[in-house]
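Visitor: I am in my first year and would like a close look at a single part of this protein. Please take one sheet and go through it slowly, then say how the rest compares.

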Amino acid sequence: MSLISQDSDDFHQEQVAYDTACEEREKFRRSPFVSAGANRDADSWLYNEHKETRSGLQPPSSPVFFGSRDDASGRLHVGYDGIRNDAYDVLVVSWKAPAAEAFYGATAKDSRGLISKRDYDVAAHRISSIEETNFADLLEEIKALDATPMDSGQATNQDRVNNSDGLLAALARGRTGEMHDIVKTIQAAQSGIIRSPHNQMIAVQGGPGTGKTGVALHRISWLLYNVRDLNPTDVLVVGPSKIFIRYISGVLPSLGDPVGPGGVAQISVSEAAGIASSGAVDAPNLAKLKGEGRLMGLLDRALDARVVIEDSYTLKAEGRYAVSITSQIVVNSLSSSSEKSWKARRESLHSAIYQFSKIEFAKLKSFSKERAAATGALPGKEKIDDRLYGVEIREADVDILVSKIFASLTPTALLAELFGSQDALARAGGGDFSEAELESLHRSLPKGGAGQIWSDADVALLDYLHERIYGRANKRTYKYIVVDEAQDLSPMQLRMIGSKSSNGHFTVLGDLAQSAGTEKITPWAQIMDHLAVGSNWSESIERREESLLIGYRVPRQLFEFAAQLLKVAAPGIEVPRAIREGTSNPVITVSTPSDICDTAAKAVATYVDKGLWVGVITPAPLLEEVGAALTDNEVEWGYPEDQTDHSVIVLAPQSAKGLEFDATVVIEPADIAADPNQGPRGLYVCLTRSTQHLTVVHSKAYLPLGLPELQKQSQPELPITPSGSPDFPLILDDILETASGNLAEFIKATLAPDVWGAVLSRVSELLAPEESGDS
């Protein structure tokens with residue numbers, strides 16, 4: 001890599017090319033629509049196309065290009081917008097166009113036919129620097145470094161050589177509270193995923209700082225540009241929280257793609273059913289239970305229990321004349337429509353009863369006519385028969401009977417009735433649930449569900465009931481769906497999102513090592529299976545998994561500190577390599593429980609004085625106390641949901657996922673790891689939110705991960721490195737030391753020395769990894 005001299009003719013010619021492209025872009029922005037003289041419909045289409053193209057242009061202050069690619073045919077500049085002159089010569093190609101693929105995908109091993117590529121720094125439409133990468137020279141440099149093979153996926157010397165100073169400078173840039181596009185810094189592995197065919201389901205595994213969220217959003221923009229029948233309103237993005245959705249909300253508009261009404265839909269998982277949760281929080285075990293696939297059987301049986309089957313039924317025509325309906329009519333109708341929605345089954349039963357009643361009532365009138373003829377001499381008989389002849393079976397008569405058999409239902413009313421009744425839960429259990437599980441589902445609820453506070457787990461159940469009652473055909477579906485942080489979603493939540501797809505085209509992304517809680521990690525293949533439950537495309541869609549193994553945003557020192565957790569928290573998950581050197585090591589600060597919030601606030605104040613965007617991650621019980629301490633230290637702050645411009649955000653661990661800050665202060669990591677909703681993997685998330693600085697403030701051992709029987713025992717104080725020291729303790733060593741010490745003390749206190757060996761041998765057997773085939 002080399003810098004082009006600002007005094008060279010080459011540099012001057014690049015500025016001339018830039019000025020020409022800039023002039024042509026602004027000329028097009030100002031240009032009126034000129035009719036091609038086509039018919040009215042074609043002219044209207046051309047006008048809208050012209051209008052949309054102009055509205056999608058980057059603002060006038062935006063650089064017209066940021067890169068270029070050189071091959072045997074010459075140089076092609078790459079920017080946000082495609083730009084041509086009046087002669088239709090291409091001056092700049094859009095980053096989304098096929099011609100730009102080589103700019104992103106070229107590496108030393110596979111240059112894609114390029115001789116070189118250039119990266120430009122531009123300010124106020126003046127080029128300040130040009131960095132050129134010559135691929136032949138690059139390959140020689142890598143060989144000289146004796147690097148590992150290019151396709152090994154490891155960040156070694158070759159990765160550092162491949163990454164330009166411009167990339168590293170962009171990554172080191174401060175956060176602003178909103179995610180920005182990564183068009184200038186897209187790397188080869190990321191580009192391959194962005195430009196993958198649209199008609200498949202892709203799962204992207206990527207650790208902290210690998211750019212997976214940016215990749216998914218840029219993939220949407222690329223698809224909207226390249227897939228002809230895909231419109232913004234056909235695309236859905238589902239994120240873990242409203243905070244996360246707000247964080248990413250500006251990326252697609254910055255790429256020229258609309259969001260919101262008339263554009264790409266961006267929603268949190270709690271909003272995916274159209275019945276937003278009201279903030280109720282389930283205990284971890286209850287949330288897990290509600291998220292299991294067997295809840296579908298429970299809800300199906302609860303629905304079936306609402307059908308009233310009797311030996312016979314009586315339909316009264318106009319409330320006066322009775323027609324007997326046998327139970328077999330009802331049973332046959334229900335059997336033939338068992339796979340349909342409640343509404344469809346109700347309509348089917350209505351039709352069956354209506355047709356049967358019409359035939360039976362016709363027979364009754366025919367019999368009455370014959371009887372009237374035979375008894376015509378009897379006074380007054382003709383009048384009775386006249387009244388009967390004028391009577392018909394009405395839809396309203398059938399509705400009355402059907403409502404007694406198949407009551408009208410709403411999802412909220414049914415779920416409230418089910419959870420509010422122990423008897424209803426017992427009947428719907430079907431032998432699939434223990435008494436304790438059914439008891440945990442039971443709670444007192446308002447009749448009909450009115451005013452009920454639902455949890456996120458309830459939302460997925462309500463969505464399933466909505467589908468079972470009204471049918472999937474009534475659902476809003478999308479042609480392309482992106483699901484971020486998918487590793488945290490339950491089977492029921494995944495099924496809910498999957499039901500919104502019309503074709504199975506997904507980008508599903510996350511990090512299995514960041515899976516919330518302490519449960520066994522769900523592999524990507526199983527996550528994709530859950531998305532396909534109940535779909536009509538599950539067997540035909542191609543599935544594949546991709547991995548992003550290079551971490552760009554989290555500094556190496558901070559990432560390696562946090563990654564020690566993975567040997568305990570996520571064994572077997574391939575760990576990405578962080579390639580960016582940070583400016584500081586993690587700072588570990590010890591405090592007392594009474595002073596810990598004030599200690600943290602002082603650390604925050606130091607970062608604020610440096611003009612940094614700071615995230616303060618604390619166990620939920622300390623949120624208010626931390627906020628008060630910040631106020632006492634004259635630090636302006638806010639919660640994520642406040643939607644303020646404060647440079648300090650205080651948040652609980654579950655709200656931190658997917659966010660980034662210049663500096664992060666993590667409080668009481670032991671409590672975060674001990675929370676069953678978070679576990680060690682949750683702590684790993686908290687420790688990897690920073691792009692520059694990390695401070696850990698604690699009054700306890702890092703991770704109280706001793707045996708469950710020993711959790712109540714006091715934990716030994718671990719060695720603490722003085723605040724500000726460049727050295728920091730190894731979390732894994734602390735875990736091993738604490739757990740081993742606790743186990744040894746327990747064995748000594750309860751067992752005779754002659755059985756210690758046998759006990760340890762048995763412990764090793766119990767801790768042996770499960771067979772790989774066990775899913």
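Guide: What follows goes through one sheet strand by strand and then turns to other parts. The model is a predicted one, so every value below is computed from predicted positions.

Start with the sheet that contains β1. This open sheet has seven strands in the order β1-β7-β6-β2-β3-β5-β4, and its pairing is mixed. The strands at its edges are β1 (2-3) and β4 (83-84). Each of these has a single partner strand, so one side of each is left without a neighbour in the sheet. In general, strands of a sheet pair through backbone hydrogen bonds, either parallel or antiparallel.

Begin at the β1 edge. β1 pairs with β7 in the antiparallel sense, over two bridges. Here leucine 3 stands opposite glutamate 131 in β7.

Next along the order is the pairing of β7 with β6. These two strands are antiparallel and are joined by eight bridges. To find one of the paired positions, look for tyrosine 120, whose bridge partner in β7 is isoleucine 130. β6 and β7 also form a hairpin, with two residues between them. In the turn, alanine 124 has a positive phi of about 50°.

On from β6 comes β2 (residues 67-71). β2 and β6 run antiparallel and are joined by four bridges. Serine 68 stands opposite arginine 118 in β6.

Now look at what lies across this sheet. Helix α1 (residues 9-30) lies across β3 (74-79), β4, β5 (90-94), β6 and β7 (126-134). Its direction is at about 115° to that of β7. Cysteine 22 has 14% relative accessibility. The cut-off for buried is under 20%, so cysteine 22 counts as buried. Cysteine 597, at 3% relative accessibility, counts as buried too. The structure holds zero disulfides.

Some aromatic side chains can be followed next. Phe66, Tyr80, Phe103 and Tyr104 are linked by ring pairs into a cluster. One member, phenylalanine 103, also has a charge over its ring: the charged end of lysine 117 sits 4.3 Å from the ring centre.

Alanine 108 is in the loop between α3 (101-105) and β6 (116-123). This alanine is buried, with a relative accessible area of 7%. Alanine 108 and alanine 136 are 28 residues apart in sequence, and their C-alpha atoms are 7.1 Å apart in space.

For comparison, turn to another sheet. This one is open and has six strands in the order β10-β9-β13-β14-β8-β15, with parallel pairing. Its edge strands are β10 (265-268) and β15, each of which pairs on one side only. On average, neighbouring strands in this sheet are turned by 15° against each other, direction ignored.

At the β15 edge, β8 (residues 200-206) and β15 pair in the parallel sense over seven bridges. Valine 204 stands opposite glutamate 546 in β15. Helix α22 packs on this sheet and touches β8, β14 and β15, with its direction at about 135° to that of β15. Another helix, α8 (residues 212-226), lies across β8, β9 (235-239), β10, β13 (480-483), β14 and β15. The direction of α8 is at about 165° to that of β14.

The structure holds 10 aromatic pairs. One of them joins phenylalanine 506 and tryptophan 537: the ring centres are 5.9 Å apart and the planes are at 50°, so the pair is tilted. Phenylalanine 506 lies in strand β14 (residues 506-510), while tryptophan 537 lies in the loop between α22 (524-531) and β15 (542-548), so the pair ties together parts that are 31 residues apart in sequence. Both residues of the pair are buried: phenylalanine 506 is at 0% relative accessibility, and tryptophan 537 has a relative accessible area of 4%. Another ring with a charge over its face is that of tyrosine 478, where arginine 476 lies 4.1 Å from the ring centre.

The last part is a helix, α17 (residues 411-419). Its buried residues include Pro411, Leu414, Leu415, Ala416, Leu418 and Phe419. The buried residues of α17 pack against the helices α11 (284-291), α12 (295-304), α18 (422-429), α19 (435-441) and α20 (456-470).

How values were computed: Residues are numbered from 1 along each chain as its sequence is written. This is a predicted model: local features need pLDDT of at least 70, side-chain atom pairs count only at pLDDT 80 or more; totals for chains, interfaces and linings use all residues. Side-chain values use heavy atoms; hydrogens and water are left out. A disulfide is a pair of cysteine sulfur atoms within 2.5 Å. Buried means under 20% relative accessible area, exposed over 50%, partly exposed in between (1.4 Å probe, protein chains only). Rings of Phe, Tyr and Trp (its six-membered ring) pair if their centres lie within 6.5 Å; planes under 30 degrees apart count as stacked, over 60 as edge-to-face and the rest as tilted. A charge sits over a ring if NZ of Lys or CZ of Arg is within 6 Å of the ring centre and within 35 degrees of the ring normal. Two strands pair if DSSP finds at least two bridges between them. Contact means heavy atoms within 4.5 Å. Axes are lines fitted to C-alpha atoms, for helices over the stretch in contact, and angles run from 0 to 180 degrees between N-to-C directions.
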